[in-house]
Amino acid sequence: MEEHLKYTHILVPVDGSTQSRYAVRLTGILASVLHATVYFLYVSPFDESTDEGDVSWLPESIVRPAADEAYEIFSDAQSLLPDAVRSECVHRAGTPADEILRFITEERIELVVIGGRKLSRVSGFLLGSVTQTVLEHAHCSVMVAGGASPHL
């Protein structure tokens, strides 16, 4: 009966995508049942230390302050969780797969719920995949939240 207590720390990498939002909704259901804490991890190529202000020739998606973008993504993710679920938000800079794997080890994460892109095997192989890398290298359980059902 105590077996369900295994998953008390659940990681959801978030990026604001439909797939990531689906993973958050699914995690909310799981965390409610398991009484787990949810960790949202957003990994950007830059962080506050690299924000340089206005660089007019780059697109807004590149020069936008990383902290502002992270805040919006975290706010959206938290709004999708049931009120009773505890959550923590962590913003890191770097390569998403590397930072996710590092966070799993550092925080002793037991379950990762990650959004899955609908790529063919060839596309996933050629383009690389954060989800695939996490599946192959994580030392914990990984659940891929596939599909984007608007009803979940």
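## A salt-bridge network around helix H4

Let's start with a pair of charged side chains: Arg102 forms a salt bridge with Glu99, and their closest N and O atoms sit 3.1 Å apart. Keep in mind as we go that this is a predicted model. Both residues belong to helix H4, and because they are 3 residues apart there, about one helical turn separates them. Their surroundings are another matter. Arg102 counts as partly exposed, at 40% relative accessibility, while Glu99 is buried, with a relative accessible area of 10%. The cut-off for buried is under 20%, so Glu99 at 10% falls on the buried side of that line.

Glu99 has another partner, too. Its side chain meets that of Arg92 in a salt bridge, at 3.5 Å from N to O. Here both residues are buried, with Arg92 at 16% relative accessibility.

Now follow Arg92 onward. The side chains of Arg92 and Glu106 also meet in a salt bridge, this one at 2.4 Å from N to O. Arg92 lies in strand E3 (residues 86–93) and Glu106 in helix H4 (residues 96–106), so this pair ties together parts of the chain that are 14 residues apart in sequence. Glu106 is partly exposed, with a relative accessible area of 41%. And Arg102, where we began, is partly exposed as well, at 40%. Put the shared partners together and Arg92, Glu99, Arg102 and Glu106 join into one network of salt bridges. The structure as a whole holds 4 salt bridges.

Arg92 also leads us to strand E2 (residues 37–44), where Ser44 lies. Leaving aside residues up to four places away in sequence, Ser44 touches Ala66, His91, Arg92, Ala93 and Gly94. With His91 there is a polar contact between the two side chains, at 2.7 Å. Ser44 counts as buried, because its relative accessibility is 2%.

Back to H4 itself. Which of its residues are buried? Besides Glu99, they are Ala97, Ile100, Leu101, Phe103 and Ile104. Several elements help cover the buried residues of H4, including strand E1 (9–13), E2, E3, strand E4 (111–115) and helix H6 (130–137). So E2, home of Ser44, and E3, home of Arg92, both turn up in that cover. After the helix comes Arg108, whose phi is positive, near 55 degrees.

One of the buried H4 residues, Leu101, points us to a distant part of the chain. The C-alpha atoms of Leu101 and His139 are separated by 8.5 Å, although the two residues are 38 residues apart along the chain. His139 sits in the loop between H6 and strand E5 (141–145), and at 76% relative accessibility this histidine counts as exposed.

That brings us to E4, one of the elements covering H4. How many of the residues of E4 are buried? The count is 5 of 5, so the strand is mostly covered. Both of its faces are covered: Leu111, Val113 and Gly115 are buried on one side, and Val112 and Ile114 on the other. E4 pairs in the parallel sense with E1 over 2 bridges, and there Ile10 stands opposite Leu111. E4 also pairs in the parallel sense with E5, over 5 bridges, and the bridge partner of Gly115 in E5 is Ala145.

Key:
Residues numbered from 1 in each chain as written. Predicted model: local features only at pLDDT ≥ 70, side-chain atom pairs only at ≥ 80, totals over all residues. Heavy atoms only, no water. Helix = DSSP H or I, 4+ residues; strand = E, 2+ residues; numbered from the N terminus. Buried < 20%, exposed > 50% of the residue type's maximum accessible area, 1.4 Å probe, protein only. Polar contact = N/O pair within 3.5 Å; in protein donor to acceptor, adjacent residues only side chain to side chain. Contact = heavy atoms within 4.5 Å. Pairing = 2+ DSSP bridges.
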